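Me: I'm new to this one, so could you take me through a single part of it slowly? I'd like a close look at the place where the first ligand sits, and a word on the metal too if there's room.

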Amino acid sequence: MEMEKDSMKSWWKEAVVYQIYPRSFKDSNGDGIGDLNGITEKLDYLKELGIDVIWLSPVYESPNDDNGYDISNYQGIMKEFGTMDDFDRMLHAAHERGIRIVMDLVVNHTSDEHSWFVESRKSKENPYRDYYIWREGKDGQAPNNWESCFSGPTWEYDETTKMYYLHLFSKKQPDLNWDNPVVRKEVFRMMDWWCQKGIDGFRMDVISMISKVSGLPDGAQQENGYGDFSPFVCNGPHVHEYLQEMNREVLSKYDLLTVGECPGVTTKEAAQYAGFHTRELNMVFQFEHMNLDNKNGKWNDAKTDLVELKEVLSKWQTELMGKAWNSLYWCNHDQPRIVSRMGDDSEKYRELSAKMLATCLHMMQGTPYVYQGEELGMTNMPFHSFYELRDIESINAYHDLVDDGILDHEKMMRYIRCKGRDNARTPVQWDDSDNAGFTTGEPWIDVNPNFKEINAKEQMAREDSVFHYYQKLIKLRHEKDIIVYGEYKLLFANHPSLYVYSRTLGEEKLLVVCNFSKENQTMELPDDFQGKDVQVLISNYKDIEVRKELILRPYEAIVIMN
Ligand code: TEU
Ligand code: CA
């Protein structure tokens, strides 16, 4: 079925997005913290890579309890990152290079230092009281049994008015009350202010969580005594109503890329959030493929099963086809580095497996997101000391599990080396000079010691580097409609090591073959790819021989077109 692609052609479907976590991207003034002028310095590097859009993690004023995901002023720039002039300069310089800027919109919650919350907590009669979610305790306990994403209860007792406020994340991140129309109006006004400045879209932080079930009932009791809030928070009763209001009030007035981070979203829900005709968002970030190795919670060293991964990603590819748009990602600032998680970050296989993983993702239907350093094959960090950690999620979980004797230090540090968010937040490795060229000062978080082997300068000078491989993938997506709009079909679904799928658009057909193992694998080429005129579009080995009996070498990826 050839989609009526012309009626559905959009720049945000054909774009490749690059996520910048500013704190770790590039420091321009030697204070050890990445900043806006550092981003401006590196725009030519991003232009060279070929990306079209930057998703900028939060740069707003923040006390940095959660590294900027706790905002105290939505229309001010965090002083460590620079000034609004620096922002305007970066925005202009990006636009001059044909690169769009998508802001990170964090409006499920604010910082407790936001003026709205400072007012709200003053008294029950304060005009800002209902900007947040306040409840009386029950028999001297919290209003319900929900557990925060950052350990402990989701309720903080406030002495002044002797009530509790809700915080699904840290206690310095009070949840906004989206049921209050004044809150929605304030948020939409702020969003419009940023659109008037000329930004090109929003990534919306945990946007699937903004509408809570009334009554805030207890969650199913977990082993640790807390309850799971997700059934009463994710995809809540009014979430689509509020997003349609946001679309009417703001989004529909501009030509934007909008992507909702939607914990708990299903393909059915996604068809509503990101439907071509539902007037909400362009696309969503789903988490199903990221939770396959988190079945019993996050803190473990479990591996992802390839057959399950193929099942989940194929479900998203096929169930959204013709209805809604996919985002495609392996990495972001919350996830460990994909080459360590699903590839092989050994010296021998790191680059091969990084390129294989990139091929597997970038040949799919949807908008691909490249996380800073992923284009270099950057790996997880060998954390050993608790004092190397910076992320509130890992620090709280360490205290929660190790201080209470549930896990010992070594085991928890092993799990943090596998799954901790700080893996993604070590500085981008620019060259082999001190601190990998990230800063001339003391970096806020340690640089990965492998920066001498893995850095942008070395890779830009080497044709067969991961950087140049990403460059080729991005160029192919810009050239071939079949990669953007072709229909996806999974092949060999039960093969334990090969991920094989086809894309079809009209008469054209692509075959993508990825070996997720370090052993040779063989497969028979499907008939419609045995013709003499098949061409190899891209591969991560040099000497490719397309034969009926295809032998895939360790982490080999091949894309052939008939
Ligand atoms: O993440 C929301 C979210 O789901 C994360 O808590 C994720 O599940 C977890 O980090 C995986 O271990 C968003 C932001 O991306 C994250 O950086 C923030 O900490 C969080 O919201 C609160 O704003
Ligand atoms: Ca700096």
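Reply: A quick definition to start: a residue is near a molecule if one of its heavy atoms lies within 4 Å of it. Keep in mind as well that this is a predicted model.

With that in hand, ligand 1 has 18 residues around it, and the closest are D66, D205, K298, D334 and R421. What kinds of residues make up that shell? Nine are charged, six are nonpolar and three are polar.

Now for some individual contacts. The side chain of K298 has an N or O atom 2.4 Å from an oxygen atom of ligand 1. For H333, a side-chain N or O atom is 2.9 Å from an oxygen atom of the ligand. R203 joins in too, with a polar side-chain atom 3.0 Å from an oxygen atom of ligand 1. As for cover, ligand 1 on its own has 490 Å² of accessible area, and the protein covers 91% of that.

On to the metal. The calcium ion is ligand 2, and its protein donors are D27 (OD), N29 (OD1), D31 (OD), I33 (O) and D35 (OD), at 2.2 to 2.4 Å. Along the chain, these donor residues follow the spacing D-x1-N-x1-D-x1-I-x1-D.

Are D27 and D31 buried or exposed? D27 has 3% relative accessibility, so it counts as buried, the cut-off being under 20%. D31 comes out at 35%, between the 20% and 50% cut-offs, and therefore counts as partly exposed.

Definitions and conventions
Residues numbered from 1 in each chain as written. Chains lettered and ligands numbered in written order. Predicted model: local features only at pLDDT ≥ 70, side-chain atom pairs only at ≥ 80, totals over all residues. Heavy atoms only, no water. Donors = N, O, S within 2.8 Å, 3.2 Å for Na, K, Ca; no water. Buried < 20%, exposed > 50% of the residue type's maximum accessible area, 1.4 Å probe, protein only. Polar contact = N/O pair within 3.5 Å; in protein donor to acceptor, adjacent residues only side chain to side chain. Areas by Shrake-Rupley, 256 points an atom, 1.4 Å probe, with all protein chains shown as cover. Nonpolar A, V, L, I, M, F, W, Y, C, P; charged D, E, K, R; others polar.
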